[in-house]
Amino acid sequence: MPELPEVEAYRRLADGRALGRPIAAVRAPDSWFLKDGLTGVAARRALTGRSFESARRIGKLLLLDTDGGGPVVGLRFGMSGRLLVDGTAGVDRLLYGSDRAVGAWDRFVVRFADGGDLRVRDPRRLGGVFLDVDEQDLGPDVLGIAPSALRRALAGSRAPLKARLLDQAHLAGIGNLTADEALWRSGLSPTREAGSLSPAEHRRLHRHLVATLDDLLGRGGSHTGDLMPARASGGRCPRDGAELRRETVGGRTTWWCPAHQR
């Protein structure tokens, strides 16, 4: 699934291959994929003749700025969305997605005047395209987050720790696999109240969250964590051998070790 490591790979792909190329046409065959009242006609009118001038990322949202102060294209990738530029994919593999080239899965295509294109391919249709999305709706980007910002995001919350970490309005970028990996590494239970962490536990969570993201980015995806191979029925903790517990926390399937995560 596209989490921060995958969307950062998409950003790098767009930054390296899609900028400065005049847009000749926009194809948006799936109206469901266009969000906040956007239509295919409006997307074509807003983008045709412009170029992308920068590629940014806030959490799991990819932002493509257009030249001349034009609209900002926001791309979300849901569970199975992939970004391709001129046929090159930003990531080779998604855990819950397909790498097949099925034309019906191309939900949004920007054609460049030089003959190439940028496209969002999403088999499950859980992503979306926005114009000028309100970036203030998102919390601070978790990549490189300061300890003080992490403390503020968790302070006073009675929500389960994992649920708070997944809340993009407070912390932008933590996905399901990343949350499980970081909490497993830091020895913190996903079910305890987010506001209950001690200063030492805050520091430990911050340290492991930063290290987890660095590792996943370097390894090539959110599915490359140390806990990942054990996330199955009967799976055992790679650290202490205890049987992992499977629960639903924050609406997401969660695997954790009750022996060392407290």
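Two strands count as paired here if DSSP finds at least two bridges between them. With that in hand, we can walk through this predicted model, starting at its sheet. Five strands form an open sheet in the order E1-E7-E8-E5-E6, and their pairing is antiparallel. E1 and E6 are the edge strands, each pairing on one side only. As general background, strands of a sheet pair through backbone hydrogen bonds, either parallel or antiparallel.

A good place to look next is E7, which spans residues 106-112. Because six of its seven residues are buried, E7 is largely enclosed by the rest of the structure. On one side, four bridges join E7 to strand E1, residues 23-27, and the two run antiparallel. There you can find alanine 25 standing opposite arginine 111 of E7. Strand E8, residues 117-121, is also antiparallel to E7, and five bridges join this pair. Here arginine 111 has aspartate 117 as its bridge partner in E8, while valine 110 stands opposite leucine 118. To follow the chain from E7 into E8, look for the hairpin with four residues between the strands; in this hairpin, glycine 115 takes a positive phi near 100°.

Now let us add the helices that lie against these strands. Helix H1, residues 4-17, lies across strand E5 (82-85) and E6, and runs at about 15° to E5. Helix H2, residues 40-47, packs on the sheet as well, where it touches E1 and E7. The direction of H2 makes about 170° with that of E1.

Before leaving this part of the chain, stop at the loop between strand E6 (88-89) and strand E7, where aspartate 99 is found. Is aspartate 99 buried or exposed? Its relative accessibility is 55%, so aspartate 99 counts as exposed, the cut-off being over 50%. Aspartate 99 still has contacts: leaving aside residues up to four places away in sequence, it touches Arg82 and Asp92. Its C-alpha atom is also separated by 9.7 Å from that of proline 123, a residue 24 places apart from it along the chain.

Further along the chain comes helix H5, residues 176-186, which is mostly covered, with eleven of its eleven residues buried. The buried residues include Asn176, Asp180, Glu181 and Arg185, together with Leu177, Leu183 and Trp184. What covers them? Among the elements covering the buried residues of H5 are helix H4 (161-166), helix H6 (199-219) and strand E11 (252-256). Just after H5, you will meet glycine 187, which takes a positive phi of about 70°.

Finally, a word on the cysteines. How many disulfides are there? The count comes to zero. A disulfide is a covalent bond between the sulfur atoms of two cysteines. The pair to inspect is cysteine 237 and cysteine 257: the sulfur of cysteine 257 is the nearest cysteine sulfur to that of cysteine 237, 3.8 Å away, and cysteine 237 is in no disulfide. Cysteine 257 is likewise in no disulfide, with cysteine 237 providing its nearest cysteine sulfur. The cut-off used is a pair of sulfur atoms within 2.5 Å. Both residues are covered: cysteine 237 counts as buried at 4% relative accessibility, and cysteine 257 is buried with a relative accessible area of 0%.

Methods
Residues numbered from 1 in each chain as written. Predicted model: local features only at pLDDT ≥ 70, side-chain atom pairs only at ≥ 80, totals over all residues. Heavy atoms only, no water. Buried < 20%, exposed > 50% of the residue type's maximum accessible area, 1.4 Å probe, protein only. Contact = heavy atoms within 4.5 Å. Axes fitted to C-alpha atoms, helices over the stretch in contact; angles between N-to-C directions.
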